Amino acid sequence: MSSIRKFCVAIVGGGSAGIMVAARLLRARPSLRGSIAIIDPADKHYYQPLWTLVGAGVVSKEKTEREEASLIPKGATWIKESIESFFPEMNQVCTAQGEKIQYDYLVVSAGIEIGWDKIKGLPEAIGKGGVCSNYSYEHVSYTWECLRTFSGGTAIFTHPNTPIKCGGAPQKIMYLADDHMRKAKVRSHSQIIFASANASIFAVKKYADSLQNVINRKNIHTNFRWNLIEILSKKKEALFVHLDTKELHTLSYDMLHVVPPMFPPRFIRESPLADEAGWVEIDAATLQHRRYPNIFSLGDCSNLPTSKTGAAIRKQAPVLVANLLAVMDQQTLSARYDGYTSCPLVTGYNRLILAEFDYKLEPRETFPFDQAKERYSMYRVKKDLLPLLYWRAMMKGRM
Ligand SMILES: Cc1cc2nc3c(=O)[nH]c(=O)nc-3n(C[C@H](O)[C@H](O)[C@H](O)COP(=O)(O)OP(=O)(O)OC[C@H]3O[C@@H](n4cnc5c(N)ncnc54)[C@H](O)[C@@H]3O)c2cc1C
């Protein structure tokens, strides 16, 4: 019989959120050295926000990858296993290999599950025949191959009918595709279609207005409330359902950039930690679990009603750490998260609208100018500054 390993804090998922929390906890309370476990089976970690620029041929995909081992903060123990179940009444989690881990406090940060098989024909079609997606390290380079070799025709970009990570990413690559097609002199005999399950281009009016101008200028055709349900790759056709009228529509494509539906990870949605929709059920301000006070969550797997981004996690992590330490010290939870999130909407090879907003969908801009305007400076922030800050500061718990 295997013995139970015990830690003060167990962190399930060592991605952006899990590493930021571990690093911050260890900085705030060095006495926790040796008593924090990060449980994650992955060998590699990816800076996913750059995948938009990988798909556009600006950055190589290798630049987005690091060894997971290199990111585990000193003082934390990495358990390279996958969690299968939660036993919150017993303060235990159990790995797929059957190992039990006992904790005093638990942080759940296991990301989101991508439903590649939830679109009929997608698993067979992806990575060839013009069907691509920036949402996977394996296939992201194929987006660039599709764009580089595109010689005219119809390019379709989809947005699914579920919450997704980075709600802006399905359209960013479309604006870059338009720009590239113009440079390659194929835009005049091409059609670009945005087929989105959403009802509008963006949830925040200020940025939606600017994006609508971009769409008009670029002559992009939009089909809102259209949800991709099947790819008939032999015929190069995509089948959509209109979510309100239930009518079916078939479109022929030469290039199809797919963003699949996304879900809470299965082991979370089937656990006692989940809300009705399957996300970890936490308080939107304190990030503490609604039913288990020694459990916290953040990032893509949580039910925080804001856009799922790394930028949001950067603001969630300090709140979570402050409140977790308060629970440890039997103090009142005083840190509050206001829903801040950010979406760097790349609108071309040197232009970007930096959307920043909160739970109320009110702009929460960092810079002293109108961020709804497309700017070269903001493009450089996304391409060069943010990756640097991510690896050197955010993932080290420094900002
Ligand atoms: C194409 C694209 C563009 C994006 N653009 C932006 C952007 O411009 N700006 C921005 O801020 N964000 C962007 N994002 C979103 C951002 O990358 C995510 O929101 C962020 O990485 C989520 O962090 P996380 O820690 O919640 O999940 P992740 O970083 O995905 O980490 C989850 C971790 O949990 C682990 N895990 C999973 N299952 C288990 C298990 N059973 N047991 C243990 N561990 C497990 C995984 O191995 C993984 O390491 C983009 C994402 C994509 C894909």
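**View 1. A close-up of residues 7–26, which an unreviewed UniProt entry annotates as "transmembrane region".** UniProt positions follow the numbering used here, feature names are shortened, and annotations may be inferred rather than shown by experiment. In this predicted model, local features need pLDDT of at least 70 and side-chain atom pairs count only at pLDDT 80 or more, while totals for chains, interfaces and linings use all residues. Residues are numbered from 1 along each chain as its sequence is written, and side-chain values use heavy atoms, with hydrogens and water left out. The span 7–26 is 55% helix and 30% strand, with its end C-alpha atoms 14 Å apart. Helices (H or I, at least four residues) and strands (E, at least two) are DSSP runs, numbered from the N terminus.

**View 2. Residues 9–113 carry the annotation "domain: FAD/NAD(P)-binding" in the unreviewed UniProt entry.** Here the chain is 17% helix and 35% strand. The C-alpha atoms at the two ends of this stretch are 24 Å apart.

**View 3. Welcome to the surroundings of the ligand, where 34 residues gather.** Ala17, Asp40, Ile83, Gly310 and Ala311 come nearest (a residue is near a molecule if one of its heavy atoms lies within 4 Å of it). The shell divides into 15 nonpolar, 13 polar and six charged residues. In this count, Ala, Val, Leu, Ile, Met, Phe, Trp, Tyr, Cys and Pro are nonpolar, Asp, Glu, Lys and Arg are charged, and the others, Gly among them, are polar. The ligand lies between domain 1 (5–112 + 264–339 + 391–396) and domain 2 (115–262), because both give residues to the shell. Those domain bounds come from an automatic or database domain assignment.

**View 4. Look closer at individual atoms around the ligand.** An N or O atom in the side chain of Asp40 is 2.6 Å from a ligand oxygen atom. Ser82 places a polar side-chain atom 3.3 Å from a nitrogen atom of the ligand. At Ala110, a polar backbone atom is 3.5 Å from an oxygen atom of the ligand. Of the 1000 Å² of accessible area that the ligand has on its own, the protein covers 89% (Shrake-Rupley method, 1.4 Å probe). α1 (16–28), α2 (51–55), α5 (169–183) and α8 (310–328) each give two or more residues to the shell. The largest share, three residues, comes from α8.

**View 5. An open sheet of five strands runs in the order β10-β17-β11-β12-β13, with parallel pairing.** Each of the edge strands, β10 (131–132) and β13 (221–224), has a single partner, so one side of each is left without a neighbour in the sheet. Two strands pair if DSSP finds at least two bridges between them. Seven bridges join the parallel strands β11 (residues 153–159) and β12 (residues 190–196). Ile156 has Ile193 in β12 as its bridge partner.

**View 6. Strands β6 (residues 83–87) and β7 (residues 92–95) run antiparallel, joined by four bridges.** Phe87 stands opposite Gln92 in β7. This hairpin has four residues between its strands, and Asn91 takes a positive phi near 55°.

Note on methods:
Polar contact = N/O pair within 3.5 Å; in protein donor to acceptor, adjacent residues only side chain to side chain.
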